[in-house]
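This report covers a two-chain model, starting with the contact between the chains and moving on to single helices and residues.

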Amino acid sequence: MNDVLDVALRLIVVFAVFLVLPLVVGQTEHKVMAHMQGRLGPMYAGGFHGWAQLVADGVKFAQKEDIVPANADRRIFQIAPAVALLPYLLVLLAIPIGPGEGAVGQVIDAGLFFALAVMGIGVLGSLMGGWASANKFSLLGGLRTAAQLLAYELPMLLAAASVAMAAGTVSLPGIVGAFEWWWLPWQIIGALVFFTAGLAELQRPPFDMPVADSEIIFGAYTEYTGLRFALFLLAEYAGIVVLCALTTVLFLGGWHGPFGGDGLGWVWTLLKVAVLAFVVIWLRVSYPRLREDQLQKLAWTVLIPLALAQIALTGIVKVAIQ
Amino acid sequence: MSIATAPLAPLAAAGHGFLSPTGVEIAFVLVGLATLGAALVTVTTKQLVHAALWLVVALGGIAVEYLLLTAEFIAWVQVLIYLGSVVVLLLFGLMLTKAPIGRSPDADSGNRWVALGVAGLAGATLVWVVVDAFRATWIDLDGPAQGSTKVTGEILFQHWVLPFEALSVLLLAALIGAIVLSRRNTAAEEAADAAARTGKGQR
């Protein structure tokens, strides 16, 4: 019976993290963007600096009528938000935040492949929503999403493969366990490629062509209202958390820190995730949106050659130090 | 096919019957039936995009079967390549060309009986090969995982490295072929455009 309790406890903790961290990132985005743009941002809900703004947003979304367009493909339109959101919950299960068995939802032998594979599924939700809405803007958004995923999946995988080569394992706790501080300069190109490609996969600015509001309204999500729309937004923020956590685990050494023993490992992980999430928000405020051809060009002519060069470098160093 | 089973030495041989299935075996059969059903719907549905989405279910079912066979690495690669890339490419192609909501009565091909024959033949061959290769071997679920990344990598790059390399050369050839085909088209079009511009076209 103890095993069942253990599993249940882990699932509850991961689910709580899944519900809380994306909201924290969302609220941080409100405030950070406001300050970077020299304005106040939401200030009233909850009293102190509008801390309850997202709760109020949630109540608003829940009250709205859930509309399915008349010509839409009803069932696919309705399950698309779930397909977009659930993969990130599954990925969170496999990410270790501290050393030892106790600090990861579930140890998976091929954790790196699991995380990348399941993250790729989330995009199917956008495609389904874009197609099933029976709306030209939605279809265009879906098309752009697919094109972007096809272009950026490859550099992301290649960069991740470089770390797996360096560590000699594809298990996420194994990779962090093998981390040394000098991996940071060694794998820095791979880290940048991975993070950039991840941003593109999440359709975050400056890679938000699939939801470009000035051209195609809100891309695949144009026809969505109420809770289903909120689920898509939640998927975006959960995606930020997952991407930052994966980058931390793969490239920034996860629970390793300059001081503090094994007991404080999870603090280091969370700190690194928070800094990366801040960078994600920062990029949104500071860079203009890339055009579609620029997006494709960046992926195929810059990121993929860089990722291949990183793999070659990893191989050479790996052979040299053995 | 003894080479294939030799590295998987700790396979429990006897002591299993078909009349007392374990939970894993029941799950395997159920997932298999669901996969087969999804595959049938994929080829029979009249709605193009639904066919692609049912393909997702079928391919995902196969990934679950791999997991139940303890081949974890293969399962995730299946999800990564087929669900994450191939299906997205398929949907992309559908959306670019023709993806109506509702039925497409003109989507039936006259070749379907030939296709059924070929599919049946390929399926029969695969079933025969697998049954002949493994017969009454059973996976020992209690021991160390036999499909872990380490084991898969060792088998692939020690026992099966030649087919692996041959396949990679085949894929490279396909890649180059695709590039050559797409480039030749554009060159011909450019020539046609140039001929039209100078007024020296033959027609």
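In this model, 23 residues of chain B are in contact with 27 residues of chain A, two residues being in contact if their C-beta atoms, placed from the backbone, lie within 7 Å. On the side of chain B that touches chain A, α3 (48-68) and α4 (72-97) of chain B each supply at least two residues. The most comes from α4(B), with 15 residues. By class, this side of chain B has 18 nonpolar, four polar and one charged residues. Here Ala, Val, Leu, Ile, Met, Phe, Trp, Tyr, Cys and Pro count as nonpolar, Asp, Glu, Lys and Arg as charged, and the others, Gly among them, as polar.

The model is predicted: local features need pLDDT of at least 70 and side-chain atom pairs count only at pLDDT 80 or more, while totals for chains, interfaces and linings use all residues. Residues are numbered from 1 along each chain as its sequence is written, and chains are lettered from A and ligands numbered from 1 in the order in which they are written.

**Core and contact residues**

The largest nonpolar core has 123 residues, and A:F113 is one of those with the most contacts inside it. Such a core is a set of buried Ala, Val, Leu, Ile, Met, Phe, Trp, Tyr and Cys residues joined through C-beta atoms within 7 Å. A residue is buried if 20 or more other C-beta atoms lie within 10 Å of its own, exposed if 12 or fewer, and partly exposed in between. Leaving aside neighbours within four places in sequence, A:F113 is in contact with A:V170 and, in chain B, with B:F73, B:W76, B:V77 and B:L80.

**Helices and annotated spans**

Chain B has seven helices and zero strands; helices (H or I, at least four residues) and strands (E, at least two) are DSSP runs, numbered from the N terminus. Of the 203 residues of chain B, 14% count as buried. In chain A, helix α10 (residues 226-251) has 26 residues and reaches 38 Å from its first C-alpha to its last, close to the 38 Å expected at 1.5 Å a residue; the expected span is 1.5 Å times one less than the number of residues. Because 21 of its 26 residues are buried, α10(A) is largely enclosed by the rest of the structure.

The UniProt annotation "transmembrane region" (unreviewed entry) includes residues 110-133 and 229-253 of chain A, and for chain B it includes residues 51-69 and 75-101. Such annotations may be inferred rather than shown by experiment.

| Span | Helix | Strand | End C-alpha distance |
|---|---|---|---|
| Chain A, residues 110-133 | 92% | 0% | 36 Å |
| Chain A, residues 229-253 | 92% | 0% | 35 Å |
| Chain B, residues 51-69 | 95% | 0% | 27 Å |
| Chain B, residues 75-101 | 85% | 0% | 32 Å |

**Backbone details**

Most residues other than glycine have a negative phi, and most peptide bonds are trans. A:Q203, in the loop between α8 and α9 of chain A, has a positive phi near 60°. A:Q203 counts as buried because 23 other C-beta atoms lie within 10 Å. A:P206 is found in that loop between α8 (188-202) and α9 (213-216) of chain A, and the peptide bond from A:P205 to A:P206 is cis, with omega near 5°.

In chain B, B:T70 lies in the loop between α3 and α4 and has a positive phi of about 65°. With 20 C-beta neighbours inside 10 Å, B:T70 counts as buried.
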